[in-house]
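Here are a few exercises to work through with the model open beside you. Try each one before reading its solution.

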2 protein chains.
Amino acid sequence: MKNHEFYCLHSDLCKTLANPKRQLILDALRNGEVTVGDLVNQTGIPQANVSQHLSILRNKGIVVARRHGSRVNYSITNPKIIKAFDLISEVLNESLAGQSRTVNKAVGKTHLA
Amino acid sequence: MKNHEFYCLHSDLCKTLANPKRQLILDALRNGEVTVGDLVNQTGIPQANVSQHLSILRNKGIVVARRHGSRVNYSITNPKIIKAFDLISEVLNESLAGQSRTVNKAVGKTHLA
DNA sequence: TTGGTATATTGTCATATTCGAATATAAATA
DNA sequence: TATTTATATTCGAATATGACAATATACCAA
């Protein structure tokens with residue numbers, strides 16, 4: 001059993017990934033460096049909001065910024081982030097595929113939703 | 001580029017994983033079925049709170065409940081959940097190891113925290 | 001049926017997250 | 001220097017989340 005602090009760090013990292021807009025951004029960064037402006041265009045998210053999310057991702061060390069003239073290029077620091085992302089996609093797809101079977105079936109007469 | 005709904009489902013799933021207590025619980029379920037009572041003992045989390053978290057995990061299809069007498073056994077529905085969990089652990093460890101180098105270095109004179 | 005043990009749900013409050021609007025900063029250019 | 005373009009930060013309001021206490025439900029045994 002690992003310690004409490006580890007779980008906090010781990011879930012903190014997950015929490016950072018757990019936002020639809022940040023996922024859009026991460027997916028847009030999947031193939032390499034992209035500027036903020038391009039992220040705005042590709043995702044349709046307002047500029048200020050993109051910057052907010054990039055700031056969050058930066059602070060967690062998930063992305064890194066590199067200024068190039070007036071533009072700032074962002075990229076993902078660790079490719080395993082994308083691997084984890086894709087694994088969770090798989091879980092999601094399998095879950096969606098096998099839905100409505102035993103998954104949420106009631107147990108006994110409990111209220112188990 | 002995938003659609004918005006997919007990202008919402010995906011981040012919803014991540015969000016469910018993104019909680020230290022739920023991670024403790026998931027790690028305790030790593031090797032197979034465990035009863036609620038055992039989860040309470042192993043994690044030190046109060047019973048009501050464990051049930052709350054199990055309810056959340058159940059509703060997302062991450063764990064499944066099986067009643068056996070007066071006890072209820074929980075297990076993880078898809079082993080890939082654990083794989084994803086472990087991948088994120090790796091990212092975390094690598095991030096902790098390589099900390100304080102270039103990761104959060106300022107870019108230009110921006111306030112980039 | 002009564003009591004006891006195991007598990008689940010609800011209500012409430014404190015805290016955290018998210019977004020848009022407004023504003024600030026940096027670099028490029030006139 | 002003044003202006004424009006690119007990006008970042010701050011503030012405030014709405015909403016979501018998490019924890020505990022209290023209570024409810026299910027099953028078992030006497």
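**Exercise 1. Work out the surroundings of B:Leu39: is this residue buried or exposed, and which residues is it in contact with?**

Keep in mind that this is a predicted model.

Step 1. Start with accessibility. B:Leu39 has a relative accessible area of 0%. The cut-off for buried is under 20%, so B:Leu39 counts as buried.

Step 2. Place it in the fold. B:Leu39 belongs to helix α3 of chain B, which covers residues 36-43.

Step 3. List the contacts, skipping neighbours within four places in sequence. That leaves B:Ile25, B:Ala28, B:Leu29, B:Val34, B:Gly44, B:Val50 and B:Leu54. Two of the elements of chain B that help here are α2, at 20-28, and α4, at 47-59. So B:Ile25 and B:Ala28 fall within the range of α2, and B:Val50 and B:Leu54 within that of α4.

Step 4. Look further along the chain. B:Tyr74 is 35 residues away from B:Leu39 in sequence, and their C-alpha atoms are 9.3 Å apart.

**Exercise 2. Describe the build of chain A: how many helices and strands does it have, and in what order do they run?**

Step 1. Count the elements: chain A has 5 helices and 3 strands.

Step 2. Read them off from the N terminus, and you get α-α-β-α-α-β-β-α.

Step 3. Check the burial. Of the 113 residues in chain A, 48% are buried.

Step 4. Turn to the contacts with a separation of 6 or more. In chain A, 48% of these join residues 24 or more positions apart.

Step 5. Finish with the surface. Chain A exposes about 6000 Å², and carbon and sulfur atoms supply 51% of that.

**Exercise 3. Find how the two chains are related: what turn and what shift lay chain B on chain A?**

Step 1. Superpose the copies. A turn of 180° with a shift of 0.0 Å along the axis puts chain B on chain A, at an RMSD of 0.0 Å.

Step 2. Name the relation: that's a two-fold axis.

Step 3. Locate the axis. B:Ala84 is the residue of chain B that comes closest to it, with its C-alpha at 2.6 Å.

Step 4. Ask which surfaces meet. Since 100% of the interface residues of chain B are also interface residues in chain A, the copies meet through the same surface.

**Exercise 4. Take stock of the interface: what area is buried between chain B and chain A, and which element gives the largest share of the chain B side?**

Step 1. Get the extent. The contact takes 50 residues from chain B and 52 from chain A. About 4900 Å² is buried between them, with 66% from carbon and sulfur atoms.

Step 2. Pick out the big losers of area. In chain B these are B:Tyr7, B:His10 and B:Ile88, together 13% of what that side buries.

Step 3. Add the polar side. There are 14 residue pairs in polar contact between the chains, and the rule finds 4 salt bridges across the interface. One of the salt bridges joins the side chains of B:Lys80 and A:Glu90, at 2.5 Å from N to O.

Step 4. Assign the elements. α1, α2, α4, β2 and α5 of chain B each supply at least two residues of the side that touches chain A. The largest share, 14 residues, comes from α5(B).

Step 5. Cross to the partner chain. A:Ser89 sits in helix α5 of chain A and touches B:Phe6 and B:His10. Its relative accessibility is 8%, so A:Ser89 counts as buried.

Methods
Residues numbered from 1 in each chain as written. Chains lettered and ligands numbered in written order. Predicted model: local features only at pLDDT ≥ 70, side-chain atom pairs only at ≥ 80, totals over all residues. Heavy atoms only, no water. Helix = DSSP H or I, 4+ residues; strand = E, 2+ residues; numbered from the N terminus. Buried < 20%, exposed > 50% of the residue type's maximum accessible area, 1.4 Å probe, protein only. Contact = heavy atoms within 4.5 Å. Areas by Shrake-Rupley, 256 points an atom, 1.4 Å probe, with all protein chains shown as cover. Least-squares fit on C-alpha atoms with pLDDT ≥ 70 in both. Buried area = accessible area lost by both parts, 1.4 Å probe. Polar contact = N/O pair within 3.5 Å; in protein donor to acceptor, adjacent residues only side chain to side chain.
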